[in-house]
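This report describes selected features of one protein chain, moving from a central strand and helix to the nonpolar cores, the aromatic pairs and a few individual residues.

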Amino acid sequence: MGKSISHTAASMSYGMNEEKEAEIIHSQFLAGETPQEITEEFRVIQEQNELCKKNTLSFVLSPTIEDGKKLEAQQLKELTERFLKEMKLRDHQAVAFVHRDKEHVHVHLYANRISFEGKAYNDSFIGKRSQQMAERVARQMELTTVREAQQEKLYRMQELRSEIQRIHEKVMARDRPRDFDQYIKSMEQNNVKVIPSINRQNQLQGFRFEYKGTNLKGSEVHRSMSMGRIASQMNFEKDMVQRIAKEKSMQLLGRTVNVPISLTKTIIKKSIKLAIKVVRDTGIGI
């Protein structure tokens with residue numbers, strides 16, 4: 001991520017926040033060590049070009065969490081220097097701080113947009129260009145690129161979706177739940193937490209599924225796992241169907257919730273189909 005900024009001192013003070021265990025890992029053409037000192041040195045050069053208001057370049061270099069755990073200060077310095085070289089900023093004043101707060105190591109890099117000749121660095125498409133150069137550096141240092149991390153995350157998410165769907169199908173085939181309470185209990189026994197989504201009008205809207213650190217809507221897992229599709233796979237008890245049809249409500253996890261019209265129709269339709277099937281199977285005339 002890269003952009004041009006005008007609030008150099010404030011941004012740099014954040015970058016060097018001691019509470020975030022900030023550490024200077026790279027400095028070029030600078031003598032100062034505090035945000036105020038470095039900002040003043042930037043300002044001396046920036047005064048050569050008063051037309052340029054956003055005269056500082058700000059970048060955040062973020063290795064993946066796993067790569068960040070392995071990178072020492074010297075390697076982060078190398079990453080920063082390679083990035084500055086690829087961005088053609090090796091001849092500009094620059095300073096970089098590493099943040100090791102939380103578990104995501106990242107580098108805040110600030111470069112003077114004004115060169116020693118008083119020329120402003122071209123910041124056209126700076127965000128896109130900085131991303132491309134960061135990926136190039138990552139490949140040079142055999143680190144995971146943003147694109148690779150995204151692809152890995154998508155692949156992992158697809159795996160989790162498939163696992164949740166398989167558990168859902170197993171529960172439906174083996175346990176044959178007759179209401180949402182039984183379904184939720186069976187899913188939980190298979191390590192999937194099913195969370196009802198209930199709006200302010202106390203109306204059931206759908207379900208979310210928690211599994212191995214993910215939290216997804218049913219329709220995000222698979223189209224067969226929307227609230228209506230789940231209901232259509234169940235054989236609700238006759239008494240419950242009658243209550244839903246009459247009161248437009250049902251008992252769910254110990255509380256009464258309102259049932260939307262679309263879900264009511266789905267449950268009644270399934271009940272009628274089941275009744276017709278029973279009649280046909282037993283040979284009883286209507």
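The model is predicted.

**Strand 4 and its neighbours**

Strand 4 (94-99) is largely enclosed by the rest of the structure, because six of its six residues are buried. Ala94, Ala96 and Val98 point one way from the strand, while Val95, Phe97 and His99 point the other way. In a regular strand the side chains alternate between the two faces of the sheet. Both sets of residues in strand 4 are buried.

Strand 4 pairs with two other strands. Strand 2 runs antiparallel to strand 4 and is joined to it by five bridges; here Ser27 stands opposite Val95. Strand 5 is also antiparallel to strand 4, with six bridges between the two, and Leu109 of strand 5 stands opposite Ala96.

**Helix 4**

Helix 4 covers residues 73-86, and at 1.5 Å a residue its 14 residues should span 20 Å; the end C-alpha atoms are 20 Å apart, which agrees with that value. Which residues of helix 4 are buried? They are Leu76, Leu79, Thr80, Phe83, Leu84 and Glu86. Viewed down the helix axis, the buried residues fall within an arc of 165°, so they line one face of helix 4. Gln74 and Lys85 are exposed on the other side of the helix.

The buried residues of helix 4 pack against strand 2, strand 3 (56-61), strand 4, strand 5 and helix 5. The helix is followed by Lys88, which has a positive phi near 60°.

**Nonpolar cores**

The largest nonpolar core holds 32 residues, of which Phe180, Tyr183, Phe207 and Phe209 touch the most other members. Two or more residues of this core come from each of helix 6 (146-174), helix 7 (180-189), strand 7 (204-211), helix 9 (227-232), helix 10 (238-247), strand 9 (249-252) and helix 11 (261-282). Helix 6 gives the most, with five residues.

Leaving out residues up to four places away in sequence, Tyr183 touches His168, Val171, Met172, Pro177, Val194, Phe209, Met225, Ile230 and Met234. Another core, of 25 residues, lies apart from the largest one; among its members are Val98, Val107, Ile126 and Leu143. Of these, Val98 belongs to strand 4.

Gln165 is found in helix 6 and counts as buried, with 17% relative accessibility. Beyond its neighbours within four places in sequence, Gln165 is in contact with Val221, His222, Ser224 and Met225. Met225 is also among the residues that Tyr183 touches.

**Aromatic pairs**

The structure holds five aromatic pairs. In one of them, the ring centres of Phe29 and Phe116 are 5.4 Å apart and the planes stand at 80°, so the pair is edge-to-face; the cut-off for this class is an angle over 60 degrees. The pair links distant parts of the chain, 87 residues apart. Phe29 sits in the loop between strand 2 (23-28) and helix 2 (35-46), and Phe116 in the loop between strand 5 (106-112) and helix 5 (126-140). Phe29 is partly exposed, at 47% relative accessibility, and Phe116 is partly exposed as well, at 35%.

Phe180, Phe207 and Phe236 form one aromatic cluster. Two residues of that cluster, Phe180 and Phe207, are also named above for their contacts in the largest nonpolar core.

**Residues in loops**

Most residues other than glycine have a negative phi, and most peptide bonds are trans. Glu142 and Asn191 are listed below with their positive phi values.

| Residue | Phi | Loop | Relative accessible area |
|---|---|---|---|
| Glu142 | about 55° | between helix 5 and helix 6 | 74%, exposed |
| Asn191 | about 70° | between helix 7 and strand 6 (193-198) | 62%, exposed |

Asn17 lies in the loop between helix 1 (8-15) and strand 2. Is Asn17 exposed, partly exposed or buried? With a relative accessible area of 24%, Asn17 is partly exposed. Not counting residues up to four places away in sequence, Asn17 touches Ala22 and His99, and His99 is a buried residue of strand 4. The C-alpha atoms of Asn17 and Phe83 are separated by 23 Å, and the two residues are 66 residues apart along the chain. Phe83 is one of the buried residues of helix 4.

How values were computed
Residues are numbered from 1 along each chain as its sequence is written. Side-chain values use heavy atoms; hydrogens and water are left out. Rings of Phe, Tyr and Trp (its six-membered ring) pair if their centres lie within 6.5 Å; planes under 30 degrees apart count as stacked, over 60 as edge-to-face and the rest as tilted. Helices (H or I, at least four residues) and strands (E, at least two) are DSSP runs, numbered from the N terminus. Buried means under 20% relative accessible area, exposed over 50%, partly exposed in between (1.4 Å probe, protein chains only). A nonpolar core is a set of buried Ala, Val, Leu, Ile, Met, Phe, Trp, Tyr and Cys residues joined through side-chain atoms within 4.5 Å. Contact means heavy atoms within 4.5 Å. The expected span of a helix is 1.5 Å times one less than its number of residues. The arc is that of the directions from the helix axis to the C-beta atoms. Two strands pair if DSSP finds at least two bridges between them.
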